Amino acid sequence: MFAAIDLGSNSFRLHIGEYVNGIVCVVKSAREPNRLAAGLDRNNVLSREAMDRGLDALKRLRAILDAYPLSDVKVVATNTLRIASNAQVFLNDAEKVLGYPIEVISGEEEGRLIYLGVANVLGRPEEKRLVIDIGGGSTELICGKGQEIERVESFSVGTVRQSLSFFHDGIIDETSFQAAVLSARSQFEDAVDYYRSCGWTEVYGSSGTIRATAEILAINRIGDGRFTLENLERLKMKMIGTGRLNQMKLDGIKAERAASILGGLTILIVLMKDFGIKVLKPIEAGLRMGIMWDIYLMSTQKDRREESIREMLKRYHIDEQRAIRVANYALSIYKQMNPDADKFLKLLYWSALLHEIGIFISPTNYHKHGAYLIENADMAGFTSREQRQMSRFVLGQKGNLKKLNGIMTVPDAIKAVLSLRLAVMFQHSKVNFKPEKIKVRVKSRIEMTIPKEWLDLYPTLLYWLERECDWWEDVGITLTVRTG
């Protein structure tokens, strides 16, 4: 049994589920509305009040989590916590309250997970589809076929900002609506040509805002009740007719969701009109379902991160044989040092595979270029925290160690850095490396034993070992090399 939590811009949502007979079954859901995005000021500073609302919501979600025997929990944060300049203040407190790490994911990763949830619920491997998710702070558009994503984009327009920016004091009129629609149109205009031509046959809406809008159309018998542009325009006129947000008398609109529905409608009208969408189909699947499928697939070794690494190897023309050789060297050395946990095993291996990625930019300081690429690339399946960790490993593959700052206080991280540095050194010195030929121990100091003949067979090895001793000494760690 596993759990997925989405810290969205409009509400925090929880799914608890389990994999049964080929499907992920949801056994518990919870929603905590808090309009986090409404707490952002013009400088994207999140207010203390908004943070406290969020922490209170997390306390309630924590109580639900504690009632289930969970094998894995994944918590992601989306647009508001992507852009808030003081997001880390909230995240530090939130992780303490929730008891689990929180990953701030990119808009593209959010889109990937949304599509993963939708595709696994739908099946239909030959269907070409467009998936739309309108959140409180951003909108994701994903075009794909079956399980495969062809294009994913995240746009910085969402329900909360649309509502707050254009319907001041809750006043709804034609002028405000047109201004909101024009603003939304400006966000999507560069993408229209592609999405109109990508050949989808069906369009699905995965967000709560879209599902709620569909329910309003049906309950109030607006037009024929379908999700079409004509019916959205009719809903728009009914909303304008009420005049004010707090006077909306449509069935199916809860008071706390009225502003989101209004903001979302301005975006939906643009998408339906400009993208030529005739009928949109709401679906009960999206980010949280995608997170749960991601957890399941990782546990069965169908890890999307492996595919991302292969894509990076290909894109940056990395010598795959050299990369695999260094990765195997690094892993064998690391395991010999008996790390306390398996936390860094995969990250070390993937970092080693990508250790020369920076050569694509320049052979000079390639480790710095590589670190930058890894930290900032769109690597599907990876969290920003994982990419930062891999970036630090790649940066630390050679040269001085002071640049690694905080990670040198974590024993397993020290072992991982040492493993990669030695693997790269042996590769550059053309050592005929065999794991059983060396011994490495790390406690208060590093002790390494290598075959004596290596110093005669590989002329540059002694030079690099002496430099390595100096670099470790610079960060207060003694490295002793013996021959035997």
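What is the volume of the second largest pocket? In this predicted model, the second largest pocket has a volume of about 750 Å³. A total of 39 residues line this pocket, and Arg13, Ser207, Gly208, Arg211 and Arg257 are the closest to its centre. Two or more lining residues come from each of β2 (11–20), β3 (23–33), α4 (107–122), β6 (128–134), α8 (208–219) and α11. The greatest contribution is that of α8, which gives five residues to the lining of the second largest pocket. By class, the lining of the second largest pocket consists of eight nonpolar, 19 polar and twelve charged residues.

The largest pocket holds about 960 Å³ of space. Its lining comprises 32 residues, and those nearest the centre are Pro101, Glu103, Arg305, Thr383 and Glu386. At least two lining residues are supplied by each of β4 (72–77), α11 (287–299), α14 (345–353) and α16 (384–395). Helix α11 gives the most to the lining of the largest pocket, with five residues. The residues lining the largest pocket fall into 14 nonpolar, six polar and twelve charged. Helix α11 is thus named in the linings of both pockets.

The overall architecture of the chain is considered next. The chain contains 19 helices and 13 strands, and its C-alpha trace spans about 90 × 45 × 45 Å along the principal axes. Of the 484 residues in the chain, 55% are buried. Among contacts between residues at least 6 apart in sequence, 69% join residues at least 24 apart.

In soluble globular proteins, nonpolar side chains tend to be buried together. The largest nonpolar core in the model has 65 residues, and Phe426 and Trp472 have the most contacts inside it. Helix α17 (residues 411–428) provides the largest share of this core, eleven residues. When residues up to four places away in sequence are not counted, phenylalanine 426 touches Tyr329, Ile333, Val431, Phe433, Ile438, Trp454 and Leu461. A second, separate core of 49 residues includes Ile210, Ala212, Ile216 and Leu250.

The first strands of the chain are linked by hairpins. Strand β1 (residues 2–7) pairs with β2 in the antiparallel sense over six bridges, and a hairpin of three residues joins β1 to β2. Within this pairing, aspartate 6 has arginine 13 in β2 as its bridge partner. Arginine 13 is also among the residues closest to the centre of the second largest pocket. Strands β2 and β3 run antiparallel and are joined by ten bridges, with histidine 15 standing opposite serine 29 in β3. The hairpin formed by β2 and β3 has two residues between the strands, and asparagine 21 in the turn has a positive phi of about 50°. Seven of the ten residues of β2 are buried, so this strand is largely enclosed by the rest of the structure.

A further set of five strands forms an open sheet in the order β8-β7-β6-β9-β10, with mixed pairing. Strands β8 (148–155) and β10 (281–282) stand at the edges with a single partner strand each, so one side of each is left without a neighbour in the sheet. Strand β6 pairs with β9 (residues 202–205) in the parallel sense over four bridges, and leucine 130 stands opposite valine 203 in β9. Strand β6 also helps to cover helix α5: the elements over the buried residues of α5 include β6, α6 (174–188), α8 and α10 (258–274). The buried residues in helix α5 (residues 159–166) are Thr159, Val160, Gln162, Ser163 and Phe166.

Two arginines in loops have a positive phi. Arginine 35 lies in the loop between β3 and α1 (48–65), and its phi is near 45°, a positive value in a residue other than glycine. With a relative accessibility of 25%, arginine 35 counts as partly exposed, because partly exposed residues fall between the cut-offs of 20% and 50%. Arginine 221 is placed in the loop between α8 and α9 (229–242), and the phi of arginine 221 is near 50°, again a positive value in a residue other than glycine. The relative accessible area of arginine 221 is 73%, and this residue is therefore exposed.

Key. Residues are numbered from 1 along each chain as its sequence is written. This is a predicted model: local features need pLDDT of at least 70, side-chain atom pairs count only at pLDDT 80 or more; totals for chains, interfaces and linings use all residues. Side-chain values use heavy atoms; hydrogens and water are left out. On a 1 Å grid over the protein atoms alone, a cavity is a set of points where a 1.4 Å probe fits but cannot get out, and a pocket is an open set with protein on both sides within 12 Å along at least five of seven lines; lining residues have an atom within 4 Å of a point. Grid points are joined across faces, edges and corners, and a volume is the space filled by probe spheres set on the points. Ala, Val, Leu, Ile, Met, Phe, Trp, Tyr, Cys and Pro count as nonpolar, Asp, Glu, Lys and Arg as charged, and the others, Gly among them, as polar. A nonpolar core is a set of buried Ala, Val, Leu, Ile, Met, Phe, Trp, Tyr and Cys residues joined through side-chain atoms within 4.5 Å. Buried means under 20% relative accessible area, exposed over 50%, partly exposed in between (1.4 Å probe, protein chains only). Contact means heavy atoms within 4.5 Å. Two strands pair if DSSP finds at least two bridges between them.
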